Amino acid sequence: MSDLASLLPILWGGFLTTLAIFGLTLLFSLPLGLLVAVLKMSRFRAIRYPVSFYISLMRGTPLLLQIVAIYFGSYYLSEYSGMQLSFDRFPAVIAAFSINYAAYFAEIFRGGIQSISRGQYEAAAMLGLSRRQTFFRIILPQVIKRIVPASANEVITLVKDTSLAQVIAVTELFALAKKQQAAYASIFPLFVAGVFYYLANLLLSMLFAYIERKLNYYR
């Protein structure tokens with residue numbers, strides 16, 4: 001118990017960094033994902049094709065590689081261009097996570113938007129609603145209801161993916177647990193870190209289940 005009492009405050013500090021990565025990633029990736037989804041559905045090939053390539057690239061390469069590429073790539077760009085373009089470690093992690101998860105959320109949003117029948121758009125137009133009013137008052141609430149399960153999976157995955165930040169020496173929960181594992185010569189710190197991850201995802205699962213119940217009036 002004494003080991004646990006001394007370990008918890010240390011791992012709690014790493015967990016706060018994990019929560020910061022998680023929260024900032026959602027803050028940036030959700031609106032970016034919605035924007036990318038809209039651009040992906042554009043009638044113009046000059047817009048649609050580059051956006052499709054971006055989504056394909058983000059989904060087709062490891063997030064670990066993207067973190068390394070953004071951190072070290074920005075450093076080399078600064079060296080060769082003479083401009084200050086490099087990221088510190090934490091902003092590089094947030095940038096990599098945000099553009100990666102935006103690609104996944106974009107496909108979720110796109111699927112939700114395209115699942116709405118054209119008849120609803122036509123009915124809204126007959127009622128005199130603008131395209132903006134139609135989207136935000138009629139379409140988007142239904143889209144949110146339909147994408148909650150898929151979004152929940154991505155959000156839960158994000159909690160676990162935050163451990164990848166350690167690749168560029170960002171000291172989040174799992175990185176601290178590994179350091180404590182070496183100090184204690186025991187896997188106990190890793191087990192405690194696993195409990196942190198599990199409880200966080202359990203709370204998120206409960207939150208999404210609550211959201212689904214609240215949105216049931218859109219049946």
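# Exercises on a predicted all-helical model

In this predicted model, the axes of helix 2 and helix 4 approach within 9 Å, crossing at roughly 115°. The exercises below begin with that pair.

**Exercise 1.** Determine how helix 2 and helix 4 are oriented to each other, and describe their contact.

*Solution.* The starting point is the crossing angle of roughly 115°. Angles from 65 to 115 degrees count as roughly perpendicular, and helix 2 and helix 4 are therefore roughly perpendicular to each other. The handedness comes next: this crossing is left-handed. On the side of helix 2, the contact is made by Tyr54, Ile55, Met58 and Arg59. Helix 4 contributes Ile99, Asn100, Ala102, Ala103, Tyr104, Ala106 and Glu107. Sorted by character, the residues of this contact comprise 8 nonpolar, 1 polar and 2 charged.

**Exercise 2.** Carry out the corresponding analysis for helix 7 and helix 8.

*Solution.* The two axes come within 8 Å and cross at roughly 160°. Angles over 145 degrees count as roughly antiparallel, and helix 7 and helix 8 are therefore roughly antiparallel to each other. Their crossing is right-handed. From helix 7, the residues in the contact are Leu173, Phe174, Ala177, Lys178, Gln180, Gln181 and Tyr184. Helix 8 meets them with Pro189, Leu190, Ala193, Phe196 and Tyr197. The residues of the contact divide into 9 nonpolar, 2 polar and 1 charged.

**Exercise 3.** Place these helices in the overall architecture of the protein.

*Solution.* The secondary structure consists of 8 helices and 0 strands, giving the pattern α-α-α-α-α-α-α-α along the sequence. The C-alpha atoms fill a box of roughly 70 × 50 × 25 Å along the principal axes. Of the 219 residues, 37% count as buried. Among contacts with a separation of 6 or more, 75% join residues 24 or more positions apart.

**Exercise 4.** Identify which residues touch the most other members of the largest nonpolar core, and which helix gives the most to this core.

*Solution.* The core has 53 residues, and Leu11, Val93 and Phe97 touch the most other members. Helices that each supply at least two residues include helix 1 (2-40), helix 4 (89-114) and helix 8 (188-214). Helix 4 gives the most, with 12 residues. As background, nonpolar side chains in soluble globular proteins tend to be buried together. The surroundings of Phe97 can then be listed: beyond its neighbours within four places in sequence, Phe97 is in contact with Ile21, Thr25, Leu63, Ile67, Leu158, Asp161, Thr162 and Leu164.

**Exercise 5.** Decide whether Phe105 is buried or exposed, and list its contacts beyond four places in sequence.

*Solution.* Phe105 lies in helix 4. A residue counts as buried under 20% relative accessible area; the value for Phe105 is 1%, so Phe105 is buried. Leaving aside neighbours within four places, Phe105 is in contact with Leu26, Ser29, Leu30, Gly33, Ser151, Glu154 and Val155. For one of these partners, Leu30, the separation is 75 residues in sequence, while the C-alpha to C-alpha distance is 6.6 Å.

**Exercise 6.** Apply the same steps to Gln66.

*Solution.* Gln66 is located in helix 3. Its relative accessible area is 6%, so Gln66 is buried. Not counting residues up to four places away in sequence, Gln66 touches Leu57, Met58, Thr61, Ala96 and Asn100. Two of these partners return the reader to Exercise 1, where Met58 of helix 2 and Asn100 of helix 4 take part in the contact between those helices.

Key. Residues are numbered from 1 along each chain as its sequence is written. This is a predicted model: local features need pLDDT of at least 70, side-chain atom pairs count only at pLDDT 80 or more; totals for chains, interfaces and linings use all residues. Side-chain values use heavy atoms; hydrogens and water are left out. A nonpolar core is a set of buried Ala, Val, Leu, Ile, Met, Phe, Trp, Tyr and Cys residues joined through side-chain atoms within 4.5 Å. Buried means under 20% relative accessible area, exposed over 50%, partly exposed in between (1.4 Å probe, protein chains only). Helices (H or I, at least four residues) and strands (E, at least two) are DSSP runs, numbered from the N terminus. Contact means heavy atoms within 4.5 Å. Axes are lines fitted to C-alpha atoms, for helices over the stretch in contact, and angles run from 0 to 180 degrees between N-to-C directions. Angles under 35 degrees count as roughly parallel, over 145 as roughly antiparallel, 65 to 115 as roughly perpendicular and the rest as oblique. A crossing is left-handed if the near helix is turned anticlockwise from the far one by less than a right angle, and right-handed if clockwise. Ala, Val, Leu, Ile, Met, Phe, Trp, Tyr, Cys and Pro count as nonpolar, Asp, Glu, Lys and Arg as charged, and the others, Gly among them, as polar.
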